[in-house]
Protein chains: 2
Amino acid sequence: MRRRTEPPGLTLAERKRQLVRDELGDAALRLLARQGFEETTVDQLAAAAGVSRRTFFRYFASKEDVVISFVSVVGEELVAELEARPAAEPPAVAIREAVKAVTVEHFAENREKSVALIRHTLRIPALRARFAERRDLLRDDVAAALARRCDLAEPTPRLHFAAGLGLLAFDVAIQHWAEVDGHADAAVIIDEAFAEAGKAFAL
Amino acid sequence: MRRRTEPPGLTLAERKRQLVRDELGDAALRLLARQGFEETTVDQLAAAAGVSRRTFFRYFASKEDVVISFVSVVGEELVAELEARPAAEPPAVAIREAVKAVTVEHFAENREKSVALIRHTLRIPALRARFAERRDLLRDDVAAALARRCDLAEPTPRLHFAAGLGLLAFDVAIQHWAEVDGHADAAVIIDEAFAEAGKAFAL
DNA sequence: CCTTGCATGACACTCAGTGTCAACTGCGGC
DNA sequence: GCCGCAGTTGACACTGAGTGTCATGCAAGG
């Protein structure tokens, strides 16, 4: 691998790579928003960023990946946020606060773009499938993060449920937020969703 | 499982169609179990059932569909079961009992085949994605069914959470059941999962 | 007997995704 | 400077999923 010059920052090559990836992602989202997902070919996405089709696939594993990768960034930050919460906090609170933090940071601060992205994802079956898959995998990661907080090697079933519930609340909240065009306080919506979720089984 | 109640009002053509579909499904599952999902082409699936590639796609929308269609049958029955529960029952109980009923009926009675199917689905990314998508859509259906039970036109957010929680418990339970090769009482596993789920947010 | 409707197979086509190879790019060592 | 090295890229070819179209065959019903 890279054992040569590893300066505190990133290699030139690495930064270049990130630049291409960003450009590819931006161009793709712009084009997809205008043309629709299914109506746009990978050739067009590649051309929009000025690279070859083959290069596109060197940066994104699939056409869906361009859209979904934005989602998985949020997932990674959710786990990071969760690990940064004080260890004394009960799991349910930790998840809620972590979800709130990433929501405000990622969605509320990019209202228009996020709303378009969420809508697109929910409407296109292929994207919805990939999104659901990511969330599924994320549940395992979140459960694992919760287990680490409790000094456990393996997450208990209950932690799996806590993770699932948290993501469910996240999901419902985000969907609701997108439905009102993002014209609502994201933090409040998250809090309400978690409050509702807590009551759902007391029915 | 595939002995379906056939109302006497079915055309010959319709029964023939069902026959072809069953044959296609059975042959596909056999072949996929032996060769693996990604290693098997649609041509092979079609040939195994003695039809053309084109005909395969007239019965299943995609390669994933052959596997997932078995799952969606379970989903439909879950909704039906839910609607058959007494209206006085609280939502949480109704879901639990409906889930228990379909689990026992569909999985426990076809242990070996079901375990193989679940394992396959969880291991293959493409299948996992489609499965997650189906479950997502099913959540809406279950929420709608719950709403109908309460004489509501639209499901409340809380009913959405109840549906999500129920399916989450279903999911965790089935996964666990498959992990122990189906050597466990499905009804008990479901009950335990729901009990755990109820406590998850009391942490 | 004929016709109408349906299922099928054959064929062609688009497009996603992958493997391979040759050309080009800095970038450090000699 | 020159060389080699590692990484990026584009060109090309190939597999395989999924779709549109059309001609054929076949059963039912007049």
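Of the atoms of DNA strand D that lie within 4 Å of the protein, 47% are part of sugar or phosphate, and the rest are part of bases. The model is a predicted one, in which local features require pLDDT of at least 70 and side-chain atom pairs count only at pLDDT 80 or more, while totals for chains, interfaces and linings use all residues; side-chain values rest on heavy atoms, with hydrogens and water left out. Residues are numbered from 1 along each chain as its sequence is written, and chains are lettered from A and ligands numbered from 1 in the order in which they are written.

The account starts with the fold of one protein chain. Chain A has 9 helices and 0 strands, where helices (H or I, at least four residues) and strands (E, at least two) are DSSP runs numbered from the N terminus. From the N terminus on, its elements follow the order α-α-α-α-α-α-α-α-α. The C-alpha trace of chain A spans about 55 × 45 × 25 Å along its principal axes.

Salt bridges are found within the chains as well as between them. Over all chains the count is 32, a salt bridge being a side-chain nitrogen of Lys or Arg within 4 Å of a carboxyl oxygen of Asp or Glu. One of them joins the side chains of Arg134(A) and Asp65(A), at 3.4 Å from N to O. Because Arg134(A) lies in helix 7 (residues 125-149) of chain A and Asp65(A) in helix 4 of chain A, this pair ties together parts that are 69 residues apart in sequence.

The next topic is how the two protein chains are related. A turn of 180 degrees with a shift of 0.0 Å along the axis lays chain B on chain A with an RMSD of 0.1 Å; the copies are superposed by least squares on the C-alpha atoms of residues with pLDDT of at least 70 in both. That is the relation of a two-fold axis. Both copies use the same surface, as 100% of the contact residues of chain B recur in chain A. Here contact means heavy atoms within 4.5 Å, and it takes 34 residues from chain B and 35 residues from chain A.

The size of an interface is often given as the accessible area lost when the parts come together. Between chain B and chain A the buried area is about 3500 Å², of which carbon and sulfur atoms give 68%; buried area is the accessible area (1.4 Å probe) that two parts lose on being put together, summed over both. There are 10 salt bridges between chain B and chain A. Among them is a salt bridge between the side chains of Arg158(A) and Glu196(B), at 3.0 Å from N to O. On the side of chain B that touches chain A, the elements giving two or more residues are helix 5 (91-107), helix 7 (125-149), helix 8 (157-179) and helix 9 (186-199) of chain B. Helix 8 of chain B gives the most, with 12 residues. By class, this side of chain B has 20 nonpolar, 4 polar and 10 charged residues, with Ala, Val, Leu, Ile, Met, Phe, Trp, Tyr, Cys and Pro counted as nonpolar, Asp, Glu, Lys and Arg as charged, and the others, Gly among them, as polar.

The text now returns to the DNA. Around DNA strand D there are 20 residues, of which Thr55(A), Arg58(A), Arg53(B), Arg54(B) and Lys63(B) come nearest; a residue is near a strand if one of its heavy atoms lies within 4 Å of it. A polar side-chain atom of Thr55(A) is 2.3 Å from a phosphate oxygen of DNA strand D, whereas a polar side-chain atom of Arg54(B) is 2.7 Å from a base oxygen of that strand. Helix 1 (12-35) and helix 3 (53-59) of chain A, together with helix 3 (53-59) and helix 4 (63-84) of chain B, are the elements that give two or more residues to this surface.

DNA strand C has 21 residues around it, and Arg53(A), Arg54(A), Lys63(A), Thr55(B) and Arg58(B) come nearest. An N or O atom in the side chain of Arg53(A) is 2.7 Å from a base oxygen of DNA strand C, and a polar side-chain atom of Tyr59(B) lies 2.8 Å from a phosphate oxygen. The surface near DNA strand C has 7 nonpolar, 6 polar and 8 charged residues.

Conventions
Polar contact = N/O pair within 3.5 Å; in protein donor to acceptor, adjacent residues only side chain to side chain.
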